[in-house]
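Me: Could you take a close look at one part of this model for me? I'd like the details together with the cut-offs behind them.

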Amino acid sequence: MNVLFINIKELIQVREKNIDFVSGKEMNTLPTIKNAFLLVENGLISDFGDMKDCPKSTYKTVDATGKMILPSWCDSHTHIVYAGNRENEFVDRIKGLSYKEIAEKGGGILNSAKKLQVTSENELYNQSKKRLEEIIHLGTGAVEIKSGYGLTKDSELKMLRVIKKLKENYPIEIKATFLGAHAVPNQYKNNKSDYLQMLIDDILPVIKEENLADFIDIFCETGYFTIEDTEKILKAGKEYNLKGKIHVNQFTAINGVQVGIKHNALSVDHLEEMRTEDIAALKNTKTMPVALPSCSYFLSIPYTPARKMINAGLPLALATDYNPGSTPSGNMNFVVSTACIKMKMTPEEAINAATINGAYAMNLKNKTGSITKGKLANLILTKEISSYNFIPYSFGNPIIETVFLKGEEIKYI
Ligand code: NIG
Ligand code: FE
C-alpha cells in the first residue's frame, strides 16, 4: 500500500536511526517533526520530513492538517484468547472478596480454563478475533498474546493454534507466548512438578513442530510457581529457542526478577511490588521491565513504581494485560493516560513506553515502535488535537481518527 500524508501538525516518535529502547532520562525525550510529511510505500515507511521537502507523488494523499501521526501502540502483554468472561468475580470483588480469595474458591485462572477446555477451537477463534479487532481500532499495531487458560496439552495447543490463525488472518503484528505455567490445574494439585514436566515433555516439542510460540512465560508468584519452577521453565524454553517473558512481583517479591535476568528474559512484567534490590538488579541489563497499569486500576493494587525505576536509569514499557480476570480491557490509550495520571510518568515517557519500548519487549524493535525508514507503516492518525499532551490528558475519550496497518486504512466493525 502506498500513501502520502501531508501537512501533519506533528509527526511523533521520529527516530532517524533505529535504537533498541530508551531508558532513564532519555525516556523524557520524544523526538517529533512539526508540519511534516510521511511517505508510505509497499506498507513500509519510506520517507518523512519537513513539509517544505515533501516529494511530489501520484499516491493516495491524506491531508492531516491539525492532526498528528504516531506509531501504533505496541502492546507487549495480553491474554486476549479466552472463552467467556468473569463478570461474576468482578461483582464478588466489589462486594469485598480479594483476587486471592476468589482464586481460592475455584474462580480465577482455573475458572477461565474450565470454560476454555469445553470451547471448540473455532468458537474460541470467533470470540478472540472480536477482541483483536477491538484493540486494532484502539490503535494497537503489534500485540503479544499468551496461552495459559488451557492448562491441558490439548487446550494449551488449541489456544496457540488460535493465536497462529489470528496471525495469518489479520494485518497486525502478533507474537505468541506459551504460558502453560499460569496456574496448577486441580488434577496436579499435589503434583506440581509432574505438571511442569508435562509442559516440558509433551507440549514444547509440539510447539516447536508446529511453530506455535515465540516466547515462554510463567506466573512466578506465591501460591502459583516458585523461583525454582521459573528457572526450570526458562531453561526448558531456551532449549526450544523461546525467550522468557515472565509474570513477576505482582503480589509478592520473591526474587523472580533476578531469575528472569539470570536467564536473559526479554521482559519481566507486572512489577507492582518492587524492592530496591529488584530495581538495582535490572540496571544495565537487556531485560525490559513492563508495567500494566490497567491491572492495578481494575484490581485496586499498587501501581508499578515507574518514577523510582526511571529515576534509577531503567527503561520501562507499558502494556494492557488484557485478560478476563485482572484486566478486561485492551485500551492502550487508557494505559498511557493512567501511567501519566497514577504513575506520574510524563507524556513523553508514557508514549516512549507504549511504542518503542513495547516493540523491544516483543522482539519487534526492527519492525515497529517508531517512525523510522523501513519500519512498518502501522500508524495512528489522531483527530485534530492541540498538542501530544492531549493524548493522555483526554483520558477515556477517543482521540484516534484513523488507524493504518501496513499503510492500509482499517475498516472493520
Ligand atoms: O497477568 N497474573 C496472572 N495472570 C493474569 C491474570 C489471570 C486471570 O486472573 O485470569 C495477569 O494479571
Ligand atoms: Fe498477564
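Reply: Happy to; here is a walk from a helix pair to a metal site. This is a predicted model, in which local features need pLDDT of at least 70 and side-chain atom pairs count only at pLDDT 80 or more, while totals for chains, interfaces and linings use all residues. Residues are numbered from 1 along each chain as its sequence is written, chains are lettered from A and ligands numbered from 1 in the order in which they are written, and side-chain values use heavy atoms, with hydrogens and water left out.

Helix α6 (residues 192-210) packs with helix α7 (residues 227-239) at about 10°, the axes being 11 Å apart. Helices are DSSP runs of H or I with at least four residues, strands are E runs of at least two, and both are numbered from the N terminus. Axes are lines fitted to C-alpha atoms, for helices over the stretch in contact, and angles run from 0 to 180 degrees between N-to-C directions. Contact, meaning heavy atoms within 4.5 Å, involves Leu-196, Ile-200 and Leu-204 among others of α6, and residues including Ile-233 and Ala-236 of α7.

Leu-242 sits in the loop between α7 and β10. With a relative accessible area of 7%, Leu-242 is buried (under 20%; exposed is over 50%, partly exposed in between, with a 1.4 Å probe and protein chains only). Beyond neighbours within four places in sequence, its contacts include Leu-204 and Gly-237.

Strand β10 (residues 243-248) holds His-247. The iron ion (ligand 2) has protein donors His-77 (NE2), His-79 (NE2), His-247 (NE2) and Asp-321 (OD), 2.1 to 2.2 Å away. Donors are N, O and S atoms within 2.8 Å of the metal (3.2 Å for Na, K and Ca); water is not among the atoms, so sites may look incomplete. His-247 is buried at 2%, and Asp-321 is buried at 1%.
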